[in-house]
Structure formats: structure tokens, C-alpha cells
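Me: I would like to go through this structure slowly, asking each time how a label is earned. Could you set the values against the definitions for me?

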Amino acid sequence: MDNETGLPPELTHADIKEMLIRLKQSEARLDMVVSSTKLGTWDYKPLTGELTWSKECREIYGLATDVKVDFELFAKQLHPADKQYVLELIPQAMDPAGDGTYDMNCRILRFDDGSVRWVRSQGKVTFNLLGQVEFFIGTVLDITESRLAAEKSARLAAIIDSSGDAIISKTTEGIVTSWNNSAERTFGYTAEEMIGQSILKLLPPERLEEEPMILARLRNGERVEHFETVRVTKYNKKINVSLTISPIKDAQGNIIGLSKIARDITEKKQEELRKNDFIAMVSHELKTPLTSIRTYIQVLLSRSKNEEDAFKVNALTRADVQAKKMTSMIQDFLSLARLEEGKIHITKEEFQLYSLIEEIASDAQFLTSTHNVKVVDCTDITIIADRDKIGQVLINLLSNAIKYSPKGGKITIGCIKNDDDVKIYVRDEGIGISPTDQKRLFDKFYRVKDEKIKTISGFGIGLYLVAEILRCHDTQIKVESTEGAGATFYFMMKCS
Ligand code: ADP
């Protein structure tokens with residue numbers, strides 16, 4: 001040892017200078033870290049009662065730099081609910097029998113505005129040779145935001161766990177990342193059994209293509225809501241589920257996963273099947289007598305034409321139109337029942353669009369004297385499709401155009417032919433449809449809730465059938481409308 005400096009003799013002044021520079025650098029680095037993390041530091045010397053708070057520590061507590069801080073002042077700002085716990089922890093940390101460390105979360109009341117903040121405080125006690133606390137230093141960090149976020153996510157987790165629906169999240173590759181209690185009840189697998197596994201485990205083999213289809217729809221920005229399908233449980237039981245799937249996006253808007261709510265609708269489906277059987281049976285029973293009524297009307301009509309009795313002809317023509325209207329309603333009910341049972345069959349044939357449209361338009365004209373039904377540009381177009389079903393689509397669109405134009409006006413059924421396809425449209429000048437209703441028009445049993453149409457009768461199945469029949473023809477019904485200014489329903493068909 002050097003007698004004068006107490007340093008090892010081999011250290012030169014240059015070495016010491018170098019060490020001091022390094023010390024200063026590391027102090028500066030520490031300062032930078034502390035200020036960038038907003039980490040407050042404190043220093044307590046119980047022997048003298050001296051307590052020092054850094055600038056950041058004062059900012060957390062909302063204490064001005066010129067106010068002297070002491071232990072009493074610190075204790076006064078502890079939240080009443082946490083005070084006792086904190087005041088017990090401090091002496092424990094200062095007990096030489098312990099490990100001299102201190103780490104706790106508590107609430108404080110800020111000096112300036114009295115607001116409640118959550119802080120995390122960590123400290124370390126240094127004892128002197130007599131076992132007394134020489135100093136007690138530590139850090140303090142405002143954790144209010146992360147604490148609130150944690151509380152929020154705990155609340156959300158509790159809601160998810162208590163939900164009656166299965167709530168599942170998965171990666172875009174279909175690997176399950178979360179699985180709530182209800183998912184366990186619905187599908188029989190525990191979270192341990194499913195997390196990390198492929199969601200394909202739940203898909204029956206004949207529906208494996210649904211997963212990429214759903215993902216493609218979400219990527220297209222489409223919503224997947226109340227998608228009714230079938231899944232398989234752990235015990236190999238098929239269940240009917242209704243799925244609502246939303247994308248989970250990162251800050252840049254990229255889809256990084258999917259969240260899925262699955263509701264077991266097996267009971268509801270069985271109930272629906274019973275209802276369908278009933279509808280099918282009633283419709284069928286009604287159809288038989290109605291067919292014979294129509295036959296008699298037609299026989300009478302042709303005889304009256306020979307007798308040249310204008311009143312009879314007119315009355316029977318009207319009776320025939322009304323009976324036709326009823327047949328078409330019953331036809332809709334039968335189609336609905338068949339569709340639900342998956343028994344809708346498309347029998348395609350090649351036919352002239354004009355003859356079908358003309359037939360339907362003139363029947364529709366008979367139903368009304370206040371509307372003028374016009375056919376535009378539909379000659380010389382042949383398509384290959386199910387003639388009866390496309391007829392049913394057009395009848396439904398035309399009868400809606402009449403029903404929802406209570407003041408009358410022009411109704412146009414027209415065609416716009418391109419090279420290989422034709423756009424078929426039905427346009428009216430009626431009450432129109434709001435943008436919100438346009439999104440749900442094609443749902444089963446959906447009817448617009450509006451005072452204006454309260455008195456217009458209907459069952460809300462016409463457009464659903466239109467959409468389904470066209471889906472079976474690989475095309476889609478679309479609508480353009482402005483409320484109060486009419487509506488145009490249209491779809492595309494391939495020409496032959
Ligand atoms: P329904 O006419 O039997 O109620 P639809 O399925 O045919 O059932 O139609 C669903 C709903 O769409 C109707 O209740 C009506 O509110 C609305 N709608 C259908 N067509 C039109 C139209 N051309 N103009 C205005 N609203 C329409």
C-alpha cells in the first residue's frame with residue numbers, strides 16, 4: 001500500500017484519472033437509464049432520519065423540489081388501505097435477521113392533486129458492523145397504467161371464462177392459443193389438450209375446407225358472423241355450432257390471429273328441424289287443394305272466354321292471379337323447408353330469358369293497377385340455369401318491388417348483356433332501404449322495422465330464398481338503394 005493515498009502502489013495517477021473518467025461515464029449511463037425509465041430513487045438513513053428523493057421520485061409523488069421530505073411525510077401519503085401493510089414491511093426489511101430486501105406494490109396519494117397512483121418500490125438495506133441499518137436505498141416506479149391494464153385484462157379474462165359461449169383464439173395457421181371454460185364444456189377437450197394443437201381437430205373431415213375459406217373471407221375484410229356449421233367433440237359427437245370470427249390485428253393492421261366465438265346450437269337446430277317438418281307438411285297439404293282450385297278456375301276461365309262474359313273473365317282472371325300468388329307463397333315455404341334440410345336441388349336447362357321474364361312480368365302486372373311493370377332489353381339471351389328457381393327469384397323480387405312501392409310507379413325488370421354474362425335487375429321507385437338494413441336483408445326472417453311498412457304483410461323469407469337459390473347457381477344477389485328513392489336488386493348470370 002502507498003502510505004499517503006492508501007492505494008496499491010502500482011496505480012499511477014493516470015490510472016486513477018482513467019478510473020474516475022470511467023466512474024463518471026457509468027454514473028452518466030445510470031442517470032440516463034433512470035431518467036428514460038422514469039425510475040425514481042430514494043435513500044434513507046434511519047440513524048440520522050435523513051430521507052432523500054430523486055427528481056423522478058418527486059415527480060411520481062407530485063412533490064415540489066423545495067419541500068423537504070422525511071419518513072413521516074412519506075407515511076402520510078400512503079393510501080389508507082395499504083398503509084398498515086407498508087409500515088409493517090419496512091421494519092421487516094430493516095431486521096438484521098432477514099435478507100435486507102424490500103419489494104412491494106402499494107397505492108399512494110399524490111401530494112399535488114391527491115390522486116391515487118400505484119407504485120412499485122424495491123429497496124436494499126446495508127447494515128454496519130453493529131448490525132444497525134447504515135442506509136436503505138431503493139427505487140420507485142409508477143405502475144398505475146400497467147396495473148390498470150392488468151386489472152382490465154383480468155376482468156376480461158373473468159368475463160371470457162364465465163361466458164356461456166366457447167371463446168377460442170388461434171394463429172392464422174389454425175393453432176389454438178387460448179381456450180376458455182365453455183370451450184372445454186362444448187368440445188370436451190381441456191385447455192391443456194387444445195392449446196398448441198390444430199383447430200382442425202374439431203372439424204369433421206367433410207368440412208376441412210371451411211378453415212381456409214373463413215380465413216380468405218376475413219382477409220377480404222368480410223365479417224364472419226353467425227356462421228352455422230358442424231363440429232366434432234372429443235367424444236366424436238357432431239354438434240351444430242354458430243361461429244362468429246374476428247381477426248386479431250397488430251398495430252400495422254396485419255392479421256396475426258383469429259378470435260372465435262362458438263355457440264352450441266344443437267338444441268336450436270333440432271327445434272328448427274321440427275318446425276321445418278311442420279312447415280313442409282302444412283305447405284304440402286295446402287298445395288294440393290290449391291292446385292285443384294287453380295285447375296277449376298282455369299277451366300271456368302276458358303269457358304267464360306268462349307261465352308264472352310267480360311265480368312266473369314275479369315273476376316276469374318283476378319281469382320287466378322290471387323291463387324297464383326298464394327301458390328308462390330306456399331312454394332317459398334316449401335323451398336325454405338327443403339333448403340333447411342339440405343334438399344334443395346338445382347336442375348339446370350338451357351332457356352330463353354325473355355320468355356320467363358315476360359311471363360312473370362305479365363303475371364305481376366295483373367296484381368296491380370297502380371304500378372307499371374316494364375321489361376327492358378331481355379330478348380335473345382339464353383342462359384343455363386334452373387328455370388323454375390330463377391323464376392321464383394324473379395317473382396320474389398317483383399312482388400317485393402310492388403309491395404314496397406305503396407304509392408305505385410314504374411317497375412323495371414331488365415337485362416344488361418356483356419360478352420359472356422348478363423346482369424338481371426329489378427328496379428322500383430318505392431320506399432327504398434337504409435344502408436343498415438341493406439346489410440341484413442338477406443338473413444332468414446329479417447324484416448325492416450319501420451312504421452312505413454308495418455301494414456305490409458310478409459314473412460321475411462323471400463330475399464333469403466333469392467340469396468340461397470342464386471348461391472346454388474354460383475352467383476350473388478346485390479342491392480343498391482337510397483332510402484325514399486327506390487331500390488334496385490340485381491345479379492349476374494353466365495350466358496350460354
Ligand atoms: P317480406 O317481404 O316477406 O317481408 P323479404 O325477405 O322478401 O320478406 O324481404 C325482407 C325485407 O326487405 C322486407 O321486409 C322489406 O322490409 C325489405 N325489402 C325487400 N324488398 C324491398 C324493396 N324492393 N324495397 C324496399 N324494401 C324492400
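**Labels and their cut-offs**

Reply: Cys472 has a relative accessible area of 27% and therefore counts as partly exposed, since buried means under 20%, exposed means over 50%, and partly exposed is what lies in between (1.4 Å probe, protein chains only). Please keep in mind that this is a predicted model, in which local features need pLDDT of at least 70 and side-chain atom pairs count only at pLDDT 80 or more, while totals for chains, interfaces and linings use all residues. Residues are numbered from 1 along each chain as its sequence is written, and side-chain values use heavy atoms, with hydrogens and water left out.

Me: What makes Cys378 and Cys415 a disulfide?

Reply: A disulfide is a pair of cysteine sulfur atoms within 2.5 Å, and the sulfur atoms of Cys378 and Cys415 are 2.3 Å apart, so the pair meets the definition. The structure holds one disulfide.

Me: Why is the disulfide of Cys378 and Cys415 called right-handed or left-handed?

Reply: The torsion about the S-S bond is about 100°, and therefore this disulfide is called right-handed. Cys378 belongs to the loop between strand 12 and strand 13, whereas Cys415 sits in strand 14 (residues 409-417), so the bond ties together parts that are 37 residues apart in sequence. Strands here are DSSP runs of E with at least two residues, and helices are runs of H or I with at least four, both numbered from the N terminus.

Me: How do you know whether Cys378 and Cys415 are buried or exposed?

Reply: Cys378 has a relative accessible area of 2% and Cys415 has 3%, and both values fall under the 20% limit, so both residues count as buried.

Me: Why is Cys495 not bonded to Cys415?

Reply: Cys415 holds the cysteine sulfur closest to that of Cys495, but the distance is 8.8 Å, which is too far for a bond.

Me: What makes Asn236 and Asp377 exposed?

Reply: Asn236 has a relative accessible area of 65% and Asp377 one of 56%, and since both values are over 50%, both residues are called exposed. Asn236 lies in the loop between strand 8 (224-232) and strand 9 (238-249), and has a positive phi of about 65° although it is not a glycine. Asp377, in the loop between strand 12 (371-376) and strand 13 (382-385), is likewise not a glycine and has a positive phi of about 55°.

Me: How do you know which residues come nearest to the ligand?

Reply: A residue is near a molecule if one of its heavy atoms lies within 4 Å of it; of the 18 residues around the ligand, Asn400, Tyr404, Asp428, Arg447 and Leu463 come nearest. Helix 12 (387-403) and helix 14 (462-472) each supply at least two residues of this shell.

Me: What makes the approach of Asp428 to the ligand a polar contact?

Reply: For a pair with the ligand, a polar contact is a pair of N or O atoms within 3.5 Å, and a polar side-chain atom of Asp428 lies 2.9 Å from a nitrogen atom of the ligand, so the pair qualifies. A polar side-chain atom of Lys403 lies 3.0 Å from an oxygen atom of the ligand, and a polar backbone atom of Val448 is 3.5 Å from an oxygen atom of the ligand.

Technical notes
A polar contact is a pair of N or O atoms within 3.5 Å; within protein, one must be able to donate a hydrogen and the other to accept it, and residues adjacent in sequence count only if both atoms are side-chain atoms.
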